[in-house]
Amino acid sequence: MTRNGSAEPHERTRLLGHEPDYREAISAAEAPWLKDTRIWVRWPLQTVHLTWATLISNYVNVLLIFVPFGIVAGALQWNPAPVFVLNFFAIIPLASLLSFATEELAATMGQTLGGLMNATFGNAVELIVSIIALKDHEIRVVQASMLGSILSNILLVLGCCFLAGGLRYHEQRFNSTGASTMSSLMAVASASLIIPATLFAALSNSHGSDPVKTQHNILLLSHGTAIILLILYLMYLYFQLRSHSDFFEDSGNAERQEAEEEEEDHLLNPFAAGVVLVVVTILVAICAEYLVGSIEGIVEKTGMSKTFIGLVLIPIVGNAAEHVTAVLVAYKNKMDLAISVAIGSSLQIALFVTPFLVILGWILGEEMTLRFQTFETVTFFISGLVVTLLIQDGKSNYLEGGLCLGMYIILAIAFYVYPDDVAV
């Protein structure tokens, strides 16, 4: 509570004025249609009301105007440039709506599980885009978008969180035990990419090396590693949510914890939130299909590499929702939730989404491996090392945020000039 007795804003605060919660919306005496006993009258009007309230829940939803244009541009096979740009901007508000519906579902599930759900559905965009790219044989785009999502979360998103919170508070604290556990898992994920890359280099440089046999061996290693990473991810979920959930409890002060325990307003009931998730996911899949299909033309017309598009541009779209969420809660001094969304999202990409795509490629007959190019694995390792050093003390400030952002900009410039046809 603030000094004047009003409720302090939190991560559930709407960004556009004051909207009543769902219970107010369905019980307001001023709305005569709410008392109508005819279901065919009450339900459509209630649906319209909740749809409008959902659309005005965030300023970024103004970009939803790009969704029909993006779909029309792709369906009519316009030039690659407008198709890419329109669907690029269309996916941003769709990702925001995915995050909004997820927050409505996760509001009563606690901070840890809520952050987990937010990170999971925040990665839905990357997963959909990557599955479509894999189906279209764009292995390079899939690998780049996976690595780009990890780097975007641990450097760009986390850096913005540290910077936004650090500009408001002298120093912020978070649960160092939980952060250290995440850092350990990130180190294992780094190793899972470094080992295939170094093995490929060793096999390629051996006497009498056979490229076909080398690729077969790398596929064998990737399939086995993917299965192990999925098992480790399941162990991590059980560790985080059940057996050692106390390691991930909020380290905030008592006043903030008491404020979090207050009942929060909800706009959507679980059924409505589920409908929003389904509808938005379908729209994301359609826009992603046209986005991926236009990449080849964009590469030819602009000279940008597939690596840069997958590593920098696509993750910006996919991470837009969780980026905003993490920065807002960091600004309100809820760093445990910010860390859970930012680093938790990276872990899900590294330990679940990427191995899942390797297994899916195995099923589809696509040679999707964990052998990333040497430069990419080195950047992943260095980025993970930098983040580990910054979060191990359980404290953050604006300087550490600047370090993360500076590192990300350096990598973005490097990948802009990095060609697609590098051998190793």
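The following legends describe close-up views of a predicted model.

**Figure 1. Overall composition of the predicted protein model.** The secondary structure comprises 17 helices and 2 strands. The protein has 424 residues, of which 52% count as buried. Among contacts between residues at least 6 apart in sequence, 83% join residues at least 24 apart. The structure also holds 11 aromatic pairs, some of which appear in the views below.

**Figure 2. Surroundings of Asn87 in helix H4.** Helix H4 spans residues 80–106 and contains Asn87. Asn87 counts as buried because its relative accessibility is 0%, under the 20% cut-off. With neighbours within four places in sequence left aside, Asn87 is in contact with Gly70 and Ile71. On the same basis, Asn87 also contacts Cys287, Tyr290 and Leu291.

**Figure 3. Aromatic pairing of Phe88 and Phe89.** The rings of Phe88 and Phe89 form an edge-to-face pair, with a centre-to-centre distance of 5.5 Å and an angle of 85° between the planes. Phe88 has a relative accessible area of 14% and is therefore buried. Phe89 is assigned to the partly exposed class because its relative accessibility is 32%. Ring pairs link these two residues with Phe66 and Phe84 into a cluster.

**Figure 4. Contact of helix H7 with helix H17.** Helix H7 covers residues 139–168 and helix H17 covers residues 398–416. The two axes come within 7 Å and cross at roughly 145°, and the crossing of H7 past H17 is left-handed. On the H7 side, the residues that meet H17 are Leu151, Ser152, Ile154, Leu155, Leu156, Gly159, Cys160, Phe162, Leu163, Gly166 and Leu167. Their counterparts in H17 are Tyr398, Glu400, Gly401, Cys404, Leu405, Met407, Tyr408, Leu411 and Phe415. By residue class, this contact divides into 15 nonpolar, 4 polar and 1 charged.

**Figure 5. Environment of Ser346 in helix H15.** Ser346 lies in helix H15, which runs over residues 335–364. Ser346 is classed as buried because its relative accessible area is 0%. Residues within four places in sequence are not considered in the contacts shown. The contacts of Ser346 are with Ser149, Ile150, Asn153, Ile154 and Met186. One of these partners, Ile154, also belongs to the H7 residues that meet H17.

**Figure 6. Leu360 of helix H15 and its partners Ile131 and Leu134.** Leu360 is likewise located in helix H15. Its relative accessibility of 18% is the reason why Leu360 counts as buried, given a cut-off of under 20%. Leu360 touches Ile131 and Leu134 when residues up to four places away in sequence are not counted. Leu360 and Leu134 are 226 residues apart along the chain, while their C-alpha atoms are separated by 8.8 Å.

**Figure 7. Ile132 of helix H6 and its contacts.** Helix H6, formed by residues 124–135, includes Ile132. Ile132 counts as buried because its relative accessibility is 8%. Apart from neighbours within four places in sequence, Ile132 is in contact with Ala285, Ala288, Glu289 and Val292. Ile132 and Glu289 are 157 residues apart in sequence, and their C-alpha atoms are 6.2 Å apart in space.

**Figure 8. Helix H9 and its buried residues.** Helix H9 has 33 residues, numbered 211–243. From first to last C-alpha, H9 reaches 46 Å, which is close to the 48 Å expected at 1.5 Å a residue. Buried residues of H9 include Thr214, Ile218, Leu219, Ser222, His223 and Thr225. Ala226, Leu229, Tyr233, Tyr236, Leu237 and Gln240 of H9 are buried as well. In an α-helix, residues three or four places apart point the same way, because there are 3.6 residues a turn.

**Figure 9. Helix H12 and the residue that follows.** Helix H12 consists of residues 295–302. Ile295, Gly297, Ile298 and Val299 are buried within this helix. Just after H12, Gly303 takes a positive phi of about 85°.

Key. Residues numbered from 1 in each chain as written. Predicted model: local features only at pLDDT ≥ 70, side-chain atom pairs only at ≥ 80, totals over all residues. Heavy atoms only, no water. Helix = DSSP H or I, 4+ residues; strand = E, 2+ residues; numbered from the N terminus. Buried < 20%, exposed > 50% of the residue type's maximum accessible area, 1.4 Å probe, protein only. Contact = heavy atoms within 4.5 Å. Axes fitted to C-alpha atoms, helices over the stretch in contact; angles between N-to-C directions. Left-handed = near helix turned anticlockwise from the far one by under 90°. Nonpolar A, V, L, I, M, F, W, Y, C, P; charged D, E, K, R; others polar. Expected span 1.5 Å × (residues − 1). Phe/Tyr/Trp six-rings, centres within 6.5 Å; stacked < 30°, edge-to-face > 60°.
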